[in-house]
Amino acid sequence: MTQWHWDPATYLDNMLAEVPAYRVLQEQTAAAAAGDARAILELGIGTGETARRVVAFHPEAKLVAIDSSPEMLERARDVVPEADFRLAQLEDPLPEGPFELIVSALAVHHLDGAGKRDLFKRVAAVLAPGGRFVLADVVVPEHEQDVVTPIDWEYDLPDRVDDQLDWLREAGLEAETVWAEKDLAVLRATRPKPPG
């Protein structure tokens with residue numbers, strides 16, 4: 001996923017060209033995010049493609065969205081104008097929760113393994129009890145022939161699904177794979193409710 005994917009004007013066309021199952025990934029992400037949510041956080045909103053689908057399941061929810069690109073935030077504002085947009089990187093402190101739903105699509109793979117582990121701990125800290133984190137991203141597949149998304153290994157740093165599930169569990173979340181195709185996966189991690 002080369003640098004030019006940051007151009008909001010060409011982002012969708014580039015994603016469709018580089019990520020063969022992009023539309024299916026988006027549909028699976030939105031389906032995994034279904035359920036009650038009054039407060040939603042999106043990590044890396046990009047042009048708002050994921051947000052548009054997720055908000056359709058949660059029309060009354062308040063959406064807070066972060067992205068490191070002012071241009072992307074401006075484009076997303078056209079798609080989901082009612083959201084609270086914040087310029088921030090994934091490594092920055094997360095907005096104060098609690099959130100019943102946190103979503104990220106095609107952003108977290110830019111963090112290395114240690115960065116993902118740290119993010120997952122911070123995600124768990126701002127999730128409401130019973131809240132869900134839906135992570136849709138490029139992953140390192142089990143079989144080399146399943147690598148179909150261009151990766152530069154400098155800016156793109158995907159990890160294996162099982163490693164990410166372990167890191168989500170280390171953060172105190174109950175994690176599962178809800179969809180996978182070649183080098184794409186949608187993971188869902190839930191913060192357990194306290195007993196009683």
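## Overall fold

The protein has 6 helices and 7 strands. This is a predicted model, so local features are discussed only where pLDDT is at least 70. Reading from the N terminus, the elements come in the order α-α-β-α-β-α-β-β-α-β-α-β-β. The radius of gyration is 15 Å, close to the 16 Å that the globule rule gives for 196 residues, so the protein is as compact as a globular protein of that length. If you prefer box dimensions, the C-alpha trace spans about 45 × 35 × 30 Å along its principal axes.

## Packing, surface and charge

How much of the chain is tucked away? Of the 196 residues, 54% count as buried. Contacts tell a story about sequence distance too: taking those with a separation of 6 or more, 66% are between residues 24 or more positions apart.

On the outside, the protein exposes about 9200 Å². Carbon and sulfur atoms supply 49% of that area. As for charge, there are 19 positive and 36 negative side chains, and the centres of these two sets sit 6 Å apart.

## Helix 2 and Gln-26

Helix 2 covers residues 22-32, and Gln-26 is found in it. Its buried residues are Tyr-22, Leu-25, Gln-26, Thr-29, Ala-30 and Ala-32. Looking down the helix axis, these buried residues fall within an arc of 165°, so they line one face of the helix. The general geometry is handy here: an α-helix has 3.6 residues a turn, so residues three or four places apart point the same way.

Is Gln-26 buried or exposed? With a relative accessible area of 2%, Gln-26 is buried, because the cut-off for that label is under 20%. Leaving aside residues up to four places away in sequence, Gln-26 touches Glu-49, Thr-50, Arg-53 and Ala-105.

## The loop between strands 3 and 4

Strand 3 (84-87) and strand 4 (99-105) are joined by a loop, and Pro-93 is found there. Pro-93 has 73% relative accessibility, so it counts as exposed, the cut-off being over 50%. For a sense of distance from helix 2, take Pro-93 and Ala-30: they are 63 residues apart in sequence and 25 Å apart in space, C-alpha to C-alpha.

Pro-98 has its place in this loop as well. Where is the cis peptide bond? It joins Gly-97 and Pro-98, with omega at about 5°.

## Two positive phi values

Backbone angles give a couple more spots to look at. Most residues other than glycine have a negative phi, and most peptide bonds are trans. Leu-106 has a positive phi, near 55°, although it is a residue other than glycine. Its place is in the loop between strand 4 and helix 5 (113-126). Leu-106 has 6% relative accessibility, so it counts as buried.

Lys-182 also has a positive phi near 55°, again in a residue other than glycine. This one is in the loop between strand 6 (174-181) and strand 7 (184-190). What is the exposure class of Lys-182? At 45% relative accessibility, Lys-182 counts as partly exposed, whereas Leu-106 is buried.

How values were computed
Residues numbered from 1 in each chain as written. Predicted model: local features only at pLDDT ≥ 70, side-chain atom pairs only at ≥ 80, totals over all residues. Heavy atoms only, no water. Helix = DSSP H or I, 4+ residues; strand = E, 2+ residues; numbered from the N terminus. Rg over C-alpha atoms; globule rule 2.2 N^0.38 Å. Buried < 20%, exposed > 50% of the residue type's maximum accessible area, 1.4 Å probe, protein only. Contact = heavy atoms within 4.5 Å. Areas by Shrake-Rupley, 256 points an atom, 1.4 Å probe, with all protein chains shown as cover. Lys, Arg positive; Asp, Glu negative; His and termini not counted. Charge placed at Lys NZ, Arg CZ, Asp CG, Glu CD. Arc of directions from axis to C-beta.
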